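Student: I've got a model open and would like to go through it with you. Can we take it question by question?

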Amino acid sequence: MNQRVYLLGVDGGGTSTDACLGVVDLDRPDEVDIVARASGGPSNPQVAGFEAAGQCIRSTCDQLFRQLDLPTKTVEFACFCLAGLGRPADRQRMSQWTEQAQLAQRWCLAADVEAVLASVQPWTEEGISVIAGTGSIAWGRKQAGDRAATEHSSVRSGGWGYLLGDEGSGFAIGKAALQYLTHMADGRAPIDSLAAALLDHLRLQD
């Protein structure tokens, strides 16, 4: 008799959180049927704060469970892939919330940039993933010399947040546009069509 189990996936960023419930037959683990989807606000703990991030994940997942009238512990395994979890100390702090939330029988935490690579390559493969969303980060993994294929070394660049980094992100691009607008207002840059477009978007006269 085939055994079918529920899987929960959460992708949390600085602007929004997406979650889905899938059903998989353990005899065919590569085939997952998505049965429910839900979205919520930001759950990057570096942006929203750890408490608010946890509350957002909880409310987003509750939408899924209500859609199917499903008890949370029915879920066999959950993976929470969140921006802002690239450092061990931050991951450990978030894991305390995950343990208390009990959204699944088993669970794991990962940085969102790790999930990007895992979605296109088996976990044992090498590769590089780049995210340019609200924030930005690059992360790569390679096999560690002649060791077993399951052992890897990784390196990251960026992910320092909007104040010190996140070059190429949506926040950085928006900030640069607004800075250019102030230059135009000061007479340090020529007034062009960008000024009119920004003022129109912000509903400002001057």
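What follows is a short question-and-answer session on this predicted model.

Student: Let's start with the layout. What pattern of helices and strands does the chain follow along the sequence?

Tutor: There are 6 helices and 8 strands to place. Reading along the sequence, the pattern is β-β-β-α-α-β-α-β-α-β-β-β-α-α.

Student: And what box do the C-alpha atoms fill along the principal axes?

Tutor: The chain has 206 residues, and 33% of them are buried. Its accessible surface comes to about 12500 Å², with 53% of that belonging to carbon and sulfur atoms. The C-alpha atoms fill a box of roughly 75 × 50 × 30 Å.

Student: Before I trust any of it, which element has the lowest mean pLDDT?

Tutor: The chain averages a pLDDT of 84, and 91% of the residues score at least 70. Among the elements, helix H2 (residues 50-68) has the highest mean, 92. The lowest mean, 78, goes to strand E8 (residues 152-158).

Student: Where does pLDDT stay under 50?

Tutor: Where pLDDT is low, the predicted coordinates should not be read in detail. The stretch in question has 3 contacts in the model beyond four places in sequence. That stretch is residues 146-150.

Student: On to the pockets. Which element gives the largest share of the lining of the largest pocket?

Tutor: The largest pocket holds about 830 Å³ of space. Of its 30 lining residues, Leu8, Gly9, Cys79, Cys81 and Ala118 are the closest to the centre. Strands E1 (4-12), E2 (17-25), E3 (28-40), E4 (75-82) and E5 (106-111), along with helix H4 (112-120), each supply at least two residues of that lining. The largest share, 6 residues, comes from E3.

Student: How do the lining residues of the largest pocket divide into nonpolar, polar and charged?

Tutor: Cysteine and alanine count as nonpolar, while glycine goes with the polar group. Sorted that way, the lining of the largest pocket has 21 nonpolar, 5 polar and 4 charged residues.

Student: Now the second largest pocket: which elements give two or more residues to its lining?

Tutor: The second largest pocket has a volume of about 660 Å³. It is lined by 32 residues, and the closest to its centre are Gly14, Asn44, Ala83, Gly84 and Gly135. The elements giving two or more residues are E1, helix H1 (45-48), H4 and strand E7 (136-143).

Student: How many residues of each class line the second largest pocket?

Tutor: The same sorting applies, with glycine among the polar residues. The lining of the second largest pocket comes out at 11 nonpolar, 15 polar and 6 charged.

Student: Let me click on a few residues. Why does Leu21 count as buried?

Tutor: Leu21 lies in strand E2 and touches a list of residues beyond four places in sequence, including Leu7, Leu8, Ile34, Val35, Leu64 and Val75. Buried means under 20% relative accessible area. Leu21 is buried because its relative accessible area is 0%.

Student: How far apart in space are Leu21 and Cys61?

Tutor: Along the sequence, 40 residues separate the two. C-alpha to C-alpha, the distance is 8.8 Å.

Student: Is Leu68 buried, partly exposed or exposed?

Tutor: Leu68 is found in helix H2 and touches Tyr6, Leu21, Val35 and Ala36, leaving out residues up to four places away. The range between 20% and 50% is the one called partly exposed. With 31% relative accessibility, Leu68 is partly exposed.

Student: Which residues is Thr98 in contact with, beyond four places in sequence?

Tutor: Thr98 lies in helix H3 (residues 88-101). Thr98 counts as buried, at 2% relative accessibility. Its contacts are Phe80, Trp107 and Leu109.

Student: Last one, on backbone angles. What is phi of Gln102?

Tutor: Most residues other than glycine have a negative phi. Asp69, in the loop between H2 and E4, has a positive phi of about 50° and is exposed, with a relative accessible area of 70%. Gln102 lies in the loop between H3 and E5 and is partly exposed at 44%. Phi of Gln102 is positive too, near 50°.

Note on methods:
Residues are numbered from 1 along each chain as its sequence is written. This is a predicted model: local features need pLDDT of at least 70, side-chain atom pairs count only at pLDDT 80 or more; totals for chains, interfaces and linings use all residues. Side-chain values use heavy atoms; hydrogens and water are left out. On a 1 Å grid over the protein atoms alone, a cavity is a set of points where a 1.4 Å probe fits but cannot get out, and a pocket is an open set with protein on both sides within 12 Å along at least five of seven lines; lining residues have an atom within 4 Å of a point. Grid points are joined across faces, edges and corners, and a volume is the space filled by probe spheres set on the points. Helices (H or I, at least four residues) and strands (E, at least two) are DSSP runs, numbered from the N terminus. Buried means under 20% relative accessible area, exposed over 50%, partly exposed in between (1.4 Å probe, protein chains only). Accessible areas come from the Shrake-Rupley method with a 1.4 Å probe; for residues, only the protein chains shown count as cover. Contact means heavy atoms within 4.5 Å. pLDDT is the predictor's confidence in each residue, from 0 to 100.
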